[in-house]
Amino acid sequence: MVARAQRWLVFGWLVLALAWTGFWWDRSLAAAIAGLLVLSCSHAIFLALEFVLSYRVGAHDAVPRASAWQYFKAWLAECVAAPRVFGWYQPFRWRAIPDHLPLGQRRGVVLIHGFVGNRAFWSPWLRELRAADRAFVAVDLEPVFGSIDRYVQTIEAAIVRVTAATGQPPLLICHSMGGLAARAWLRDADGARVHRIVTIGTPHRGTWLARFGRTVNGRQMRMGGEWLQRIDCERASAQQVPFTCWHSNCDNIVFPTSVATLPGADNRLAAGRGHVQMAFDDPIRRESLALLDG
């Protein structure tokens with residue numbers, strides 16, 4: 001389970017930080033502080049590498065790439081958003097906001113997270129939906145590193161639950177790999193059972209970074225890969241459902257930019273946002289949830 005693994009990572013980081021500080025505190029205060037800074041900024045260094053790769057790979061994409069200044073601001077925002085998700089929400093808050101299924105006639109939502117995520121990824125969305133008394137189910141995609149095809153039954157069960165509560169086809173909101181899981185569900189499903197599918201930073205045509213993926217679902221997201229070619233050939237069922245595809249010219253995970261778009265979809269550019277940051281952007285959340293009644 002993602003929550004358990006990420007809790008261990010957080011605790012491991014804390015133990016390492018305490019051990020380093022305890023060892024060096026009386027020997028060299030400078031070394032103690034320097035070590036803490038390195039440990040605290042390691043994720044920022046890794047993110048910086050991703051943004052540099054995105055900038056270079058996106059140079060010849062059909063969607064004009066962002067400026068270096070936009071990339072820098074997106075990196076700063078991602079340095080805040082990523083630890084909040086992977087160091088707090090997902091490890092410790094995944095049960096904090098349970099699924100909400102009030103009976104009524106208002107359309108509900110199914111939320112589908114991405115790679116190495118869990119339902120807590122959607123925490124701000126869940127709070128807003130709960131305050132509005134909207135029905136929602138936020139899924140957990142398991143096994144974490146399994147085939148995307150294995151997530152279909154989880155999505156099916158969530159759609160059934162929300163539809164039973166509201167009597168209406170739900171809106172599907174998906175981040176990253178979650179959008180591919182929704183398309184996998186759509187291959188053998190009746191498209192009329194969902195109102196619309198919203199994808200945020202989904203690698204519809206793969207992502208350059210997936211060439212380094214060694215997990216089953218990681219390999220499935222390779223550009224030009226067999227799995228993606230197969231799902232594109234089965235696009236006929238996807239034409240039954242309108243798609244809204246948010247994509248960013250500063251996405252540090254799904255790049256080059258155009259891979260997050262779909263032909264014929266309502267493709268919306270979220271300029272200057274990082275991959276995780278997009279899902280925490282207020283205008284994106286507001287405009288996506290407005291589609292519930294659209």
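Helices (H or I, at least four residues) and strands (E, at least two) are DSSP runs, numbered from the N terminus. The model is predicted, with residues numbered from 1 along each chain as its sequence is written, and local features need pLDDT of at least 70, while side-chain atom pairs count only at pLDDT 80 or more and totals for chains, interfaces and linings use all residues. Side-chain values use heavy atoms, with hydrogens and water left out.

**Exercise 1. The surroundings of Trp 246**

Task: Find the strand that holds Trp 246, decide whether Trp 246 is buried or exposed, and list the residues that Trp 246 touches.

Solution. Begin with the position: Trp 246 belongs to strand S5, which covers residues 243-247. Next, take the accessibility, where buried means under 20% relative accessible area, exposed means over 50%, and partly exposed lies in between (1.4 Å probe, protein chains only). Trp 246 has 5% relative accessibility and therefore counts as buried. Then look for contacts, that is, heavy atoms within 4.5 Å. Leaving out residues up to four places away in sequence, Trp 246 touches Val 198, Thr 199, Ile 200, Gly 201, Ala 260, Arg 268, Ala 270, Ile 284, Glu 287 and Ser 288. Finally, consider one of these partners, Ile 284: the C-alpha atoms of Trp 246 and Ile 284 are separated by 8.0 Å, although the two residues are 38 residues apart along the chain.

**Exercise 2. A residue of strand S6**

Task: Describe the accessibility of Asp 266 and name the residues in contact with Asp 266.

Solution. Asp 266 lies in strand S6, residues 266-269. The relative accessible area of Asp 266 is 29%, so this residue is partly exposed. When neighbours within four places in sequence are set aside, Asp 266 is in contact with Arg 196, Phe 243, Thr 244 and Cys 245.

**Exercise 3. Two helices that cross**

Task: Work out how helices H2 and H3 cross, with which handedness, and which residues meet there.

Solution. First come the axes, which are lines fitted to C-alpha atoms, for helices over the stretch in contact, with angles that run from 0 to 180 degrees between N-to-C directions. The axes of H2 (residues 29-57) and H3 (residues 68-92) come within 10 Å and cross at roughly 140°. The second step is the handedness, and the crossing of H2 and H3 is right-handed; a crossing is left-handed if the near helix is turned anticlockwise from the far one by less than a right angle, and right-handed if clockwise. The third step is the list of residues: from H2, His 43, Ala 44, Leu 47, Ala 48, Phe 51, Ser 54 and Tyr 55 meet Ala 68, Tyr 71, Ala 74, Trp 75, Glu 78, Cys 79, Ala 82 and Pro 83 of H3. Sorted by class, this contact of H2 with H3 has 12 nonpolar, two polar and one charged residues. Here Ala, Val, Leu, Ile, Met, Phe, Trp, Tyr, Cys and Pro count as nonpolar, Asp, Glu, Lys and Arg as charged, and the others, Gly among them, as polar.

**Exercise 4. Helix H4 and the residue after it**

Task: Identify the buried residues of H4, the elements against which they pack, and the phi of Asp 133.

Solution. In H4, residues 123-131, the buried residues are Ser 123, Pro 124, Trp 125, Leu 126 and Leu 129. These residues pack against H3, strand S1 (109-112), strand S2 (136-138), strand S3 (171-175), strand S4 (196-200) and helix H10 (282-290). Asp 133, which follows H4, is found in the loop between H4 and S2. Although Asp 133 is not a glycine, its phi is positive, at about 60°. With 40% relative accessibility, Asp 133 counts as partly exposed.

**Exercise 5. Unusual backbone in the loops**

Task: Locate the cis peptide bonds before Pro 143 and Pro 256, and describe Ser 176.

Solution. Start from the general rule: most residues other than glycine have a negative phi, and most peptide bonds are trans. The peptide bond from Glu 142 to Pro 143 is cis, with omega near -5°, and Pro 143 sits in the loop between S2 and helix H5 (152-166). Phe 255 and Pro 256 are likewise joined by a cis peptide bond, with omega about 5°, and Pro 256 is in the loop between S5 and S6. Ser 176, which is not a glycine, has a positive phi of about 55° and lies in the loop between S3 and helix H6 (177-187). At 6% relative accessibility, Ser 176 counts as buried.
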